[in-house]
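Here are my notes on the model you sent over. They are numbered so you can reply point by point.

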Amino acid sequence: MLKISKSRLGELFDAVAAKQTLYIPTDREPGAAEYKKYESGMELTKELNTVRSAKDFFFPQTENLADFRIDGKNIEVRDIREECGDFVVFGVRACDARSFTILDKVFLCEPVDSFYKNRRDHGTVVTMACSRPAETCFCQTFGIDPTSPEGDAACFDDGESIFFKANTEKGQAFIDSIASLLEEGDTAKLDEVNAKTKEIMAKLPLAKLSTGNFGGDKLNEYFNSDKWAELSEACLGCGTCTFVCPTCQCYDIRDFNTGHGIKRFRCWDSCMYSDFTKMAHGNPRLTQLERFRQRFMHKLVYFPANNNGEFGCVGCGRCLAKCPISMNIVKVMKALEEK
Amino acid sequence: MQEAMIKRAKELLADGSVDRVIGWKRGEFAYDITPAVFTSAEELEHDFVFDDFTAANVSKYLVKETAKEGKILAFLKPCDTYSFNQLIKEHRIDREKVYVVGIPGGPKLDIEKIKAKGITGVLSVKNEDYTLKIETLYGEETMPFSEAVLDKCASCKSKKHVAYDELIGEDGDVLESNRFDMVEKLENMTAQERFDFWRGQLSKCIRCNACRNVCPACTCENCVFDNPKSGIDNKAAADSFEENMFHIIRAFHVAGRCTDCGECSRVCPQHIPLHLLNRKFIKDINELYGEYQAGADTTSRAPLTDYTKDDCEPSVVHERGVE
Amino acid sequence: MNNDTLIPKIGVVTDIRQDTPDVKTFRVVAPEGGKVFEHMPGQCAMLSMPGVGEAMFSITSSPTNKEFMEFSIKKCGCLTEWLHAMEVGQQITIRGPYGNAFPVEGDLKGKDLLFIAGGIGLAPLRSVINYVRDNRANYGDVQVIYGSRSKDDLVDYKEIIDEWMADPNIRVDLTIDNPQEGWDGHVGFVPNYVKELAPSTSKTVLVCGPPIMIKFTLAGLKELGFTETQVYTTMELRMKCGVGKCGRCNIGNKYVCKDGPVFRFDQLGELPDEY
């Protein structure tokens, strides 16, 4: 397999960044990594994953949809879309890589969301295999192998070198573009690393968590469960879980008056917010119980019902780490399963 | 302590003094604790937890809980009792429906500080003589307790319970805290440095509203930022200054009412030191109107809602604004 | 780049009718004339005044009308207040069509049809009724039962009197909630009137109105011997995108904007009660 010594990773980043925009996960402060546009000298984080997921690259927190100019009774609609430049996101973990295929199911089904597709078409996802899963990880529950991540190209770290493998044509083109920096390397040590990671995977506290009891056929059984009241009792109704989640894709569309015209933008929204379904004449989800239930029913029942059994969760563990009251999908799954 | 609390809660449930108990419920790991309401001895024995990670301030939940029938036992740490008092003062909590048991405060631990040391795969955390023995997926680690203390506890203002019906353990005193040190540091910066500091911090905001929703001073039934009729409702920044506005407006709105419980910064997923905005107001109020601690009592008039002839003149803004 | 459904088109308001004290019907055409897009009865469109708001409205005109689209809109929020205040000639933005439609070319074909509407609930059904009138040979008996709070609250009253009631091929039964001077027709709530009229259970029913009226009408129909598979309705929930992506108008795993808004009651019955 082709590889590069870790000490030369900066050279590789420089080479990639010379041709297109490169984003890498880097430390913002101890314990908190985020994706940043690569600038020479920037170092790859040692954190397992970023605080925010990688969904921003394709589905940013806010984006402009259209501009309007109003002149008396007339309105001019301005299509402000432009072809986005090619970019590479490096170091995406297996869980986040899977989240893109989940987001694809939403945004690329008819009618295709051109804003999302534009970025998807121009982005190359280079993943990085995990070797140090955290206690909050449960990607294997969703059939994800963190030692063999998806994405256009996958990278593997054996401690000394980074190995590259193409998963798609785009990934192959990426590897070809840096081929002059790579050399053929022996994967014996990498195989050891992967075997060790798999041992850890089996020992993770959530290793036994299964989706066996969830899916589209559980609609009324779980919707009517009496567990929701207790589960949602302490929920603050904030959007932390939603916003750190790599698969949450609900959005709002708003207008902003700049003083010179109207910008219509979309932004992430959260089903946990009290106004999410509020209409001028009523709200079908009046209390936090209904809103909380919606979020988990969507991931565990509604999404698989509409997408051939695929769940709306990748087990990245961000909600486990970040919910201010430590309520999360794992606790919900375990509670719902209790008869 | 946990055993004593469970025992007392069971007694009070059994003799009918209270119908429910609000405290903390253990989670999947050593640290992921959820505020919870318990209604039976079995639930308490099975799930109730009080340890180094039970930092959450449960006083705000009492707004919702005291709107229900029956009486609730609330276990409040010293800092929580300040929030409780302030909520009483603002008529948000029905005092008659709460039986407050004062319990010792922190310092509590911050799992994120442990993880920031590179200690990951945390399976258990034990405090042995103020050294943390941390069992992880990758072997045992140790670190000093003091380095994993929550920021809000590291600058604790008081070990004294300002409201309770009974105490478990000894009461403490109001402390000489270092809580204004960072505010002073910010005050001593140039305007540009200070502006850069806050832009840097607030640009991290993902607008999840966790700070607002956890805040015991934020009990508006319909926040201006959620109300389409306010004209400033939003869910995301439409321009690069909006996150700043959200936090600054919120700080203004809780000024004089914020007890400095520190929950805003504790829950921020992006580690924005939001409490510093509130502390600036507290420090200014202390300096301009005389020492005042919100939540210290339930009857005194707050400086910003009270008029005295000694109040500072509006011109103070100009005097203090000079570089 | 291909067209994106989220980027709206311009519609010009060429006529505004005050139908009731709080309902106006707006006629919308493309700036170059003609309809902005084609639709089927029961489908909806997103109307917006940029800077004010955007919301989903059912298209009340029939697709058989080739010149314009119409929207009957009740004043109840920010955007609708703005729309009620605008004048003829105003441009608005419009995108769609969204959602499924009443199966006028499917299951409804050849059937005896019973339309039951309450208040502004006539708006989505008017599209179907006029479509059926224009394709009269394809359907059996047609009956319309329509009620409102008062005579003044009957939407499209002029069209009902002048056209529908004059049409020998359809039967129209009107009712108002309370007696009123100048009204010699039926007085009483729609669900009760339906029971009084006791329509034949051979009919396929399309019902739309306030939730409480739908609830009691459905119960009444069941008493009369109708089954849920015979009754269609159309739903309304908060929407933003119109294409099943923004995630808020779902009932269970169905998105009202995409899988609805038209549902048969047996289909609704399988979904959670959250609407």
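**Notes on the three chains**

1. Starting with chain B: the centres of domain 1 and domain 2 of chain B, taken over C-alpha atoms, are 26 Å apart. The assignment splits chain B into domain 1 (1–108 + 155–178), domain 2 (111–148) and domain 3 (179–323); such bounds come from an automatic or database domain assignment. Across the boundary, 5 residues of domain 1 of chain B touch 5 residues of domain 2 of chain B, where contact means that C-beta atoms, placed from the backbone, lie within 7 Å. On the domain 1 side of chain B, that patch has 4 nonpolar, no polar and 1 charged residues. The classes here are Ala, Val, Leu, Ile, Met, Phe, Trp, Tyr, Cys and Pro as nonpolar, Asp, Glu, Lys and Arg as charged, and the others, Gly among them, as polar.

2. A word on ground rules before going further. This is a predicted model, in which local features need pLDDT of at least 70, side-chain atom pairs count only at pLDDT 80 or more, and totals for chains, interfaces and linings use all residues. Residues are numbered from 1 along each chain as its sequence is written, while chains are lettered from A and ligands numbered from 1 in the order in which they are written.

3. Chain B has an open sheet of 5 strands, ordered β2-β1-β3-β4-β8, with mixed pairing (strands pair if DSSP finds at least two bridges between them; helices, H or I of at least four residues, and strands, E of at least two, are DSSP runs numbered from the N terminus). The edges are β2 (34–38) and β8 (166–167) of chain B, each with a single partner strand, so one side of each has no neighbour in the sheet. Inside, β3 (residues 72–76) and β4 (residues 98–102) of chain B run parallel over 5 bridges, with B:Leu76 opposite B:Gly102.

4. Which strands does helix α1 of chain B lie across? Helix α1 (residues 2–14) crosses β1 (20–25), β3 and β4 of chain B, at about 160° to β3(B). Axes are lines fitted to C-alpha atoms, for helices over the stretch in contact, and angles run from 0 to 180 degrees between N-to-C directions.

5. Over in chain C, 6 strands make an open antiparallel sheet in the order β4-β3-β6-β1-β2-β5. β4 (53–58) and β5 (69–74) of chain C sit at the edges with a single partner strand each, so one side of each lacks a neighbour in the sheet. From one strand to the next the twist averages 40°. β3 (residues 44–49) of chain C pairs with β4(C) over 6 bridges, and C:Leu47 has C:Ala55 as its bridge partner. Helix α1 (residues 78–85) of chain C lies across β2 (23–29), β3, β4 and β5 of chain C, at about 80° to β4(C).

6. Chain C is assigned domain 1 (9–98) and domain 2 (113–234), with centres 23 Å apart over C-alpha atoms. Here 16 residues of domain 1 of chain C contact 14 residues of domain 2 of chain C. β1 (9–20), β2 and β5 of chain C each give two or more residues to the domain 1 side, which divides into 5 nonpolar, 9 polar and 2 charged.

7. Finally, the chain interfaces. 40 residues of chain A contact 33 residues of chain B, and the chain A side has 21 nonpolar, 8 polar and 11 charged residues. Between chains C and A, 32 residues of chain C contact 43 residues of chain A; the chain C side has 13 nonpolar, 12 polar and 7 charged residues.

Definitions and conventions:
Two residues are in contact if their C-beta atoms, placed from the backbone, lie within 7 Å.
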